[in-house]
Amino acid sequence: AQLVESGGGLVQAGGSLRLSCAASGNIVSINYMGWYRQAPGKQRELVSTITSAGSINYADSVKGRFTISRDNAKNQVHLQMNSLRPEDTAVYYCKALLRTGATTFSRDYWGQGTQVTVSS
């Protein structure tokens, strides 16, 4: 299986971006999908996750500004980012816990990352 992100870019503070991630391959089931980010010199951190049942989790720093959504039929997850701040600048990675037809267990998969840059 592979995850492919899209939608990153450069935006001014206060602006918006929408990230998308599509999972493909011989996917049997997806437990959850989500977004993490890593700024230069910092550890990768959780941004938001959503389970197949629709349970959502947000980092405190993005609550009220970011909205995660999921299309289970298309194996896609989206992240609508509003009121962006310079401190949101990072590489954003899609992550999914999923099972493929080749295994009997689920494991984590990561996308290649997409750069989000917010200018002040």
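**Notebook: D88, a sheet and a disulfide**

I started with D88, which sits in the loop between β8 and β9 (90-100). A reminder to myself: this is a predicted model.

**Entry 1: D88**

Is D88 buried or exposed? I looked up its relative accessibility and got 1%, so D88 counts as buried. The cut-off I used for buried is under 20% relative accessible area.

Next I wanted to know which side chain D88 makes a polar contact with. The partner is R37, and the two side chains are joined at 3.0 Å.

Then I listed what else D88 touches, skipping its neighbours within four places in sequence. The contacts are R37, R65, F66, S83, V116 and V118. So R37 turns up in both searches, once in the polar contact and once in the contact list. I kept S83 from that list in mind for a later entry.

**Entry 2: the sheet**

I moved on to the strands. Four of them, in the order β1-β3-β8-β7, form an open sheet with antiparallel pairing. Which strands are at the edges? They are β1 (2-6) and β7 (66-71), and each of these pairs on one side only. I also noted the turn between neighbouring strands of this sheet: 15° on average, with direction ignored.

F66, one of the contacts of D88, falls within the range of β7 (66-71).

**Entry 3: strand by strand**

How many bridges join β1 and β3? I found 5, and the two strands pair in the antiparallel sense. On this pairing, S6 stands opposite S20 in β3.

β1 has two faces to look at. L3 and E5 are on the covered face, while Q2, V4 and S6 are on the uncovered one. That puts S6, the residue opposite S20, on the uncovered face of β1.

On to the next pair. β3 (residues 17-24) and β8 (residues 76-81) run antiparallel and are joined by 6 bridges. Here I picked out L17, which stands opposite M81 in β8.

**Entry 4: the disulfide**

How many disulfides does the structure hold? The count is 1. The partners are C21 and C94, with their sulfur atoms 2.1 Å apart. The link of C21 and C94 is left-handed, with -80° about the S-S bond.

I checked where the two cysteines lie. C21 is in strand β3 and C94 is in strand β9, so the pair ties together parts that are 73 residues apart in sequence.

Are the two ends buried or exposed? C21 has a relative accessible area of 1%, so I wrote it down as buried. C94 comes out at 0% relative accessibility, so C94 counts as buried too.

**Entry 5: two positive phi values**

Last, I looked at the backbone angle phi. N75 has a positive phi of about 55°, although N75 is not a glycine. S83 also has a positive value, near 50°, and S83 is a residue other than glycine as well.

Where do they sit? N75 lies in the loop between β7 and β8, and S83 is found in the loop between β8 and β9. That loop also holds D88, and S83 was on the contact list of D88.

I looked up how open they are, too. N75 has a relative accessible area of 21%, so N75 is partly exposed. S83 has 40%, so S83 is partly exposed as well. D88, by contrast, is buried at 1%.

Key: Residues numbered from 1 in each chain as written. Predicted model: local features only at pLDDT ≥ 70, side-chain atom pairs only at ≥ 80, totals over all residues. Heavy atoms only, no water. Pairing = 2+ DSSP bridges. Helix = DSSP H or I, 4+ residues; strand = E, 2+ residues; numbered from the N terminus. Axes fitted to C-alpha atoms, helices over the stretch in contact; angles between N-to-C directions. Buried < 20%, exposed > 50% of the residue type's maximum accessible area, 1.4 Å probe, protein only. Polar contact = N/O pair within 3.5 Å; in protein donor to acceptor, adjacent residues only side chain to side chain. Contact = heavy atoms within 4.5 Å. Disulfide = S-S within 2.5 Å.
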